[in-house]
Amino acid sequence: MSSDLDVFVGNTTLIDEEVYRLWLDGHSVAEAVARRLRGGVLEREGTSVAVLQSDTRDHYRTFQMLERLLHAPPRLLQQLLFQIPPERQALLVQRYYAFDEALARELLGKKLSKGTKKELDEVSARTGVGIRSCRRQFDNFKRVFKAVEELRGPLAENIQQLFLLDYAAIVFFANSRFETGKRRLQFLSFADFAACAQSMMGHWSQGALGEPPDPRAPEAAEPDGDLPKSFLQDLKELKVLVADKDLLDQHKSLVCSALRGKISVYNELEANFKALSRALVNVGGKLTHARDVRDFFVDLVEKVIEPCRSDKWSPGDLRLFLTHYTAARHQALWERYMAAITACLLRMYHD
Amino acid sequence: MPGKLKVKIVAGRHLPVMDRASDLTDAFVEVKFGNTTFKTDVYPKSLNPQWNSEWFKFEVDDEELQDEPLQITVLDHDTYSANDAIGKVYIDIDPLLYSEAATVISGWFPIYDTIHGIRGEINVVVKVDLFNDLNRFRQSSCGVKFFCTTSIPKCYRAVIIHGFVEELVVNEDPEYQWIDRIRTPRASNEARQRLISLMSGELQRKIGLKVLEMRGNAVVGYLQCFDLEGESGLVVRAIGTACTLDKLSNTSAFLPACNSPSKEMKEIPFNEDPNPNTYSSGPSTPLKNQTYSFSPSKSYSRQSSSSDTDLSLTPKTAPSPQRPRIFLFPSSPTLSCDSPHLKKSCLLLLGSSIKPLHSSHVSPVVLRKSVSFTEELLLAASGMGSGSAGKEGGPFKTLLRQQTQSALEQRGGSPHRFCRRREFPFFTLTTFPPGFLVHVGGVVSARSVKLLDRIHNPAFVGIMGNTRSYKLLDWNSFNSDEPETRDAWWAEIRQEIKSHAKALGCHAVVGYSESTSICEEVCILSASGTAAVLNPRFLQDGTMEGCLEQRLSWQPGFFSIGSEKGEVDFFPQSQDSSSLLGIEEASPPGCGFCHIPYDELNMPFPAHLTYCYNCRKQKVPDVLFTTIDLPVEAIVIGKGCLIQARLCRLKKKAQAEANATSISNLLPFMEYEVHTQLMNKLKLRGMNALFGLRIQITVGENMLMGLASATGVYLAALPTPGGIQIAGKTPNDATYDQHISHMQKKINDTIAKNKELYEINPPELPEEIIGSPIPEPRQRSRLLRSQSESSDEVTELDLSHGKKDAFVLEIDDTDAMEDVHSLLTDVPPPSGFYSCNTEIMPGINNWTPEIQMFTAVRVSRLSTINPTNQTLNKNFNDLCENLLKSLYFKLRSMVPCCLCHVNFTVALPEDELVQIAVTAVAITYDKNQALQANKAPTEKSQQRASTDNEEQLQFPLELCSDPLSSQPFSPAKEVLEGASSHTGIPAAQRATSLEKASPLAEGYLRHRSVPSCTNSTVSVVKMTPLSFLPGAKITKYLGIINMFFIRETTSLREEGGVSGFLHAFIAEVFAMVRAHVAALGGNAVVSYIMKQCVFMENPNKNQAQCLINVSGDAVIFVRESELEMLPVQPSTAAPQPTSSAGDVTT
């Protein structure tokens, strides 16, 4: 006796978190049933496999119907079809847009194109994330990216409003197309990059200045995902710090005198100061050119982190150095620039 | 112009993309009422148009207002081709037509398309200015309130209950009119939806007129059904109970009024209890001025059995059918025919069925046979013939008798004559105020098999024309034959029901309902109810002590109006027997309704009686079956449980008359089997009464299915049921014997287990029932399974077991074995779950406000090659059990909980395809309190049970004085609840159950910290099939919700197959119901019911179609906890904002 048709509809939509997880992970109904069986639900509830199948199918159908709404979370709140308590709705959205960091790390800075999507098979194999789940997450990234693309105002806030989530890092990376895949960057996790993105957006973006963007300013029309052009332009002025030998020496003496005796790697610092300073300043100067932007993290690692590491700087040393290096000059632009750089370097400075 | 309808189209949102090129839509709206159409401007290139239209005004008469739905169509403007319809919204404006209900309809409605489902939403505001012109009330019945609830609605007081109202409307079914299928499916579906909307409007208006005629102002227990008769047309019919209701002023609700009236009500009779003892013996004739006399009901039935005129149930207008009924009474010689003549009686049945009974009547009825099983049958089936020889003949005798009776009735007069209204003392209510129900006789039911014929409607023209052409015919002026046919059919059935009730010594039928099952051109009409004696005391002196007066004051009116108008003379003896009737009042309320209403010496059927186990004064039967809810005052031991009897019978495929004949022949056997199963299962659970009994017989092409659902309870007043004993037929086989004894052990174990499970531990009664005509407290009873058993076996088993009395099942063949097995396959629900099909679960009173209403539908292919009755039965049984199992599994997060009002509907859409639809509500209860109750000492359990009932029934069943009575109760209760929830339930447990909306939990959770919630505007609308919401108080009824939807698809696979299609459709129906309720300003639907769910598929064509009809009462409720927070000062406006604030999940 087979059930051709079998549905259960509650006035309040039943959401089973376990089944939702299985669905999100991309398991088929049969796989989900098998997993639930392994979870011992039969023994706990004293029910039958048929019941479990029917239940799983019901949930899967519900999720499939909900998926359309999940693509635009604010619609989920307004829709009338499913009566779902708000906290459950929030849970649905959060889980739907939650991503595997391993996958996000792989996709960081990649163009969210069809080509990338085709590579998902490999990504799935590398990360151990189910292919269906990979595709869903990829589509999520793309959806968020696309939705935010045309919006003005602070990126993080926009995403928060539209998707109720912190997706900013991914969008920011996808936007700026930073290189993250190089071998020497492999030691950095997604969380590291996310933190960097956050500090860069926090300190450098238009909204971060704490003042309402001037509507006449050209960057007011730009999406927040890009760093403001005028700021990047201004960064070029900083080059003088390394180009002008007097300034460089002055800077060096200020920093060295402040750090003498306080830092274990003083000698190394003194020896490398010019190279380090050049690297730190030039990274900023290059940000105006899209091609050079890609190398932002590569440069930081290659020219700052790796030398320091080889000289066995402790993170504390780096922090001290950066603090005094920044403090030695009083200029709003400089402080704004170095705040993000400091945060990024400190975050990235680990094994 | 008596009314002005004003409509404003505000905005739309989430519209579908209609223009692929731009990915946008140029939407505009057509607003149509009657013949008038308005249009909004086109709002170009937007999926979220802001029309913000002017007020469209329709000046219409109120008749039109009642009949017509407001039709809103959203279209996509197309410059070059025809505009594309996006979807429609039908709004029933009836709730705006009476003063106390909603004043404005305003909100977001899903835009619905019969092909695509919901496509976005539209914001609409609707208002009605009614000019009160009382003279106009001839044709319209504006102002009559309708309630689906089958009890007096919570915030009303019934001044008068007038009685039964019914009406039906017939029309061609548009689906079948255009056989050429020129029209698109969409057009056809919309025509059907509109037609049914019109027909229900008209039906409601006509019923309203009848109510006004009776000087009532409301219809309670309104049940409207559609019969999709296919080619022969569409019938919309409705029944209800006309009442005069008084709105209880809100002020009283907030006043700390007198103490629980119900409590007093309970106490009074108890105090008077000792007195009547003096009169407790001897069948003395009632004496005047005597406070208590013996069994007044006896005198009824005695008189009625000797002369029908005494019990003039029918008004003078219908004189004819009375006379011949003399033959039907038990004392009459026809009944003395003896047992072994089962075959003969069958033959007789057959004979009578083939004979065209209304030869005088020009009607399409070729066949008419009705089978009626009443309580008498049930009792007979349980074999309580007290050793008389006629045991197995019982049911069939009864049948025969009914048959004769109805036949005679038919001869007595044309059905036309007695199909007058209001001659039927029927009540669609299932719950009554305490003390109102004096005695319950038992279930009365009648079925009749009819052949459908085309409904000729010659005047029906202009199909493709304007809307008004759908205006239904008034058959009084056109074709009087047609609706009359359907009317006459129902009139016959009702007549039969009435006479069955009369045979049970009852003058009224309560918990009355009607249903049909149609397959091709055969239709089974069914009606059932509970024969009852209603309390006449209030007729004599309406003045009763204190609160009682207030709560029951309406009852005198009920009777006086009746007799004054000569409509229903309930109490023919009332003039000379006031004292006699007074005694009824004196029977303890906890058991009074169980006392037999019929004459003990002249019983209409062989029954086994004992003295009431509660009061010891009056006789009670050993089992009681009813269709009503458990009365408030009933003393129950332990908990109740859902009991189902399931049955399939194969039938040969046949045409027309032959088909009807074979169905007719099968019906009595099916009913008999169903009742046997019910009885067995009841005994297996150690219980002795069934409430809410609903027996559905469904006809399919090659089989009949029977599904009976009821809630079993142990009534303290009735005797402890005996066990079930198995008797083998081949005694010489040792292994067989062993098998039998093994089975016997299993059954005994099950009974013991069930008693434990349902906490049935009646107080041990000393065997001191002196003066009882039945010396043994338990009686032996015997059931003979089938006709193959001859009477000589009776002696073999009879009386031979001495004191060990039991219900004997004989196992004589594999069938019987199967049946016993199937008895044992009913698995009890998993721990933490209870289920019942009544409003409330007997024995559980500590509900939390967490509810989850759901609908589940399953379609299964029964069996395979060469199906037999046994395999079908088994499959059907498994199907139902699995369905229940899966419900328990789904709702496991709500444990401990109870499934209430479990309503199964069976349909046979195709050969061997069975469709089961279940709607029910799961309510969580507080386990800690329940545990406490469990631990209560056994000797106290009885008392406990009664007080439990008292509390538990406060809000659900309080009929007329709910605010008065529950208010004083609730604070204490709240405290209790609060305390228990603090101490007993771990906070975590509550917090984890996020999806449930416990008000406590909700209170805690209403932190609104979730950022996502901030811009939500969707308000929560609760739905429940019950008439109440636990932990909440209904403050306002906003009107009836009665909606009919069709959904069709031509891309079934793409929509996820049949399950995906139906799942989406049911969700859409819920959404539309919720949207309408929210637009009325409500936050819940009570007494929700899915009356129809017709599903058809054609997988080969990738098509499917489904029709769903739902109804309920839109209400505003306020949480009891919130009520407390309100100032005690009466403020009428206060509840509403509170409730909306509390329930809008912002």
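Me: What covers the buried residues of H17(A)?

Reply: The cover includes H14 (229-235), H15 (240-243), H16 (245-259), H19 (296-310), H20 (315-327) and H21 (332-348), helices of chain A. Covering rests on contact, meaning heavy atoms within 4.5 Å. This is a predicted model, where local features need pLDDT of at least 70, side-chain atom pairs count only at pLDDT 80 or more, and totals for chains, interfaces and linings use all residues, while side-chain values use heavy atoms, without hydrogens and water. Residues are numbered from 1 along each chain as its sequence is written, with chains lettered from A and ligands numbered from 1 in the order in which they are written.

Me: Which residues of H17(A) are called buried?

Reply: Happy to list them: A:Tyr266, A:Leu269, A:Phe273, A:Leu276, A:Ser277, A:Ala279, A:Leu280, A:Val281, A:Val283, A:Gly284 and A:Gly285. Buried stands for under 20% relative accessible area, exposed for over 50%, and partly exposed for what lies in between (1.4 Å probe, protein chains only).

Me: Why is H17 of chain A called a helix, and what span should its residues have?

Reply: Helices here are DSSP runs (H or I, at least four residues), as strands are (E, at least two), numbered from the N terminus. The expected span is 1.5 Å times one less than the number of residues. For the 20 residues 266-285 that gives 28 Å, and the end C-alpha atoms are 27 Å apart, which agrees.

Me: Where is the kink in H17(A) centred?

Reply: On A:Asn272, with a kink of about 60°. The bend is the angle between axes fitted to the seven residues ending at a residue and the seven starting there.

Me: Over to chain B: how do you know that S21 and S22 pair?

Reply: Pairing takes at least two DSSP bridges between two strands. S21(B) (689-699) and S22(B) (703-715) are joined by 9 bridges and run antiparallel, so they qualify under the rule of at least two. One of the partnerships is B:Arg694 with B:Ser709. The two strands form a hairpin with 3 residues between them.

Me: What makes S19(B) and S21(B) a pair?

Reply: They have 2 bridges, in the parallel sense. B:Phe625 has B:Leu690 as its bridge partner in S21(B).

Me: Why is S21(B) called largely enclosed?

Reply: Because 10 of its 11 residues are buried, S21(B) is largely enclosed by the rest of the structure.
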